[in-house]
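Reader: I should like a close look at one part of this structure, namely the nonpolar interior. Please begin with a single side chain and its surroundings, and then relate that part to the chain as a whole.

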Amino acid sequence: MPEHADLLVIGAGPYGVAAAAFAGERGIDTHVVGHPMSFWREQMPADMFLRSGVGWHLDASGTYTFEAFFQDRGLRPEDLDPLPISVFLDYTDWFRDKTALDVDERLVTDLTAADGGFTATMADGTTMRAEKVLAVPGIRHFVNLPPWYADVPADRRAHTSELVSFDDLAGARVAIVGGRQSAYEWAALLCDHGGERVDVIHRHPTPEFAKVSWAFVDGYVERTLAQRGWWRGLTPDEQHGIALEFWQVGRLTLEPWLVPRLRPEVVTSRAGCAVVGVSVDEPDLTLTLTDGSELAVDVVVFASGYAADLGRVPYLSGVLDQVAVRDGFPELTEGFETSLPGLFVTGFASTRDFGPFYGFTKGCPSAARIAVEEMLR
């Protein structure tokens, strides 16, 4: 294994792989570490579908796109709609092969900065020096949970990122807390695997199930590429308007292909409700809702999303005191660089300074291009 690289990319998910491939193409001596697409493989159900289509890809150069993969494999988008997660994972393997991107599967446990560079300590005790580091903290670090989460026994609770196998829940009574795509897709998966009863609990009205277009995001990403710092140059009202548009399409409207799988005799939408009490009297687990009703359940699933908190990323603890952080997000320059020179961050943790699109794979190619070009300035 090399002991030095000009650029160390920590994280081998979509954003890390996209940036590492583009950096290598631009002549930067690049080393990427991590388990390739581990969150997607280990913390997302193997039989789930994606909301995105073939237009979302990894290649900042626009050559090895998802569409190119389809053509290479003789696949037709209309035959894979909705898109199985397995097909996207096959694409990421193909992309790494086509770009000759080798991933070092060691994991970084600590990162320190000194003498104008960085030292990364791996889980096996080895170290590596790098002039620059691109960190792409996975969302597994940012799981968002309500205060009463701890009141539910550990063996009877799970965040959606922890529940990826459903066979053991055949015949179970499950409460899902949350009302967006993941909540209702997990409800559908529970129906697929024989769940007895599923109550989906959320404060807002039941979302609409309808086909939506994500094409509106394209223009925003193009503006981000064309104008450095475009998002941060918007007024708060302008940012709010775009975020609201994204929320309407991505959160308030869910995919229509879920509907046939949400069996009405199993799934109940408890809209306008929240959990206000948890009672445990083994083997009984009872949730009290704001409407006064009580639910006896076997398992509680938290589809409560993610909230950035850079302090929860273990390998960054050695440099965190040198990184300006606001509301859990690192403060980034127009080129994704943190306040610690040479340390860059992309992915979910960059969304405060670059917009909500950079928490989705849609932002991978442009984030790679912007960050790498900043490194070369």
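Author: In this predicted model, phenylalanine 66 offers a suitable starting point. Leaving aside neighbours within four places in sequence, phenylalanine 66 is in contact with Gly53, Val54, Trp56 and His57, and also with Leu83, Val87, Phe88 and Tyr91. Phe66 belongs to the largest nonpolar core, a set of 113 residues, and is one of those that touch the most other members. Trp40, Leu111, Ile176, Phe336, Leu343 and Phe357 are likewise named in that group. Apart from this core there is a second, separate one of 15 residues, with Trp148, Val177, Cys273 and Phe302 among them. In soluble globular proteins, nonpolar side chains tend to be buried together.

The wider chain gives these cores their setting. Of its 377 residues, 53% are buried. The secondary structure consists of 9 helices and 21 strands. When contacts between residues at least 6 apart in sequence are considered, 68% of them join residues at least 24 apart.

As to overall dimensions, the radius of gyration is 22 Å, which agrees with the value near 21 Å for a compact globule of 377 residues. Along the principal axes, the C-alpha atoms fill a box of roughly 60 × 45 × 45 Å.

On the outside, the accessible surface of the chain amounts to about 16,300 Å², and carbon and sulfur atoms account for 49% of that area. The chain carries 54 negative and 31 positive side chains, with the centres of the two sets 3 Å apart.

Methods. Residues are numbered from 1 along each chain as its sequence is written. This is a predicted model: local features need pLDDT of at least 70, side-chain atom pairs count only at pLDDT 80 or more; totals for chains, interfaces and linings use all residues. Side-chain values use heavy atoms; hydrogens and water are left out. Helices (H or I, at least four residues) and strands (E, at least two) are DSSP runs, numbered from the N terminus. The radius of gyration is taken over C-alpha atoms; the globule rule is 2.2 Å times the number of residues to the power 0.38. Buried means under 20% relative accessible area, exposed over 50%, partly exposed in between (1.4 Å probe, protein chains only). Contact means heavy atoms within 4.5 Å. Accessible areas come from the Shrake-Rupley method with a 1.4 Å probe; for residues, only the protein chains shown count as cover. Lys and Arg count as positive and Asp and Glu as negative; His and the chain ends are not counted. The place of a charge is taken as NZ of Lys, CZ of Arg, CG of Asp or CD of Glu. A nonpolar core is a set of buried Ala, Val, Leu, Ile, Met, Phe, Trp, Tyr and Cys residues joined through side-chain atoms within 4.5 Å.
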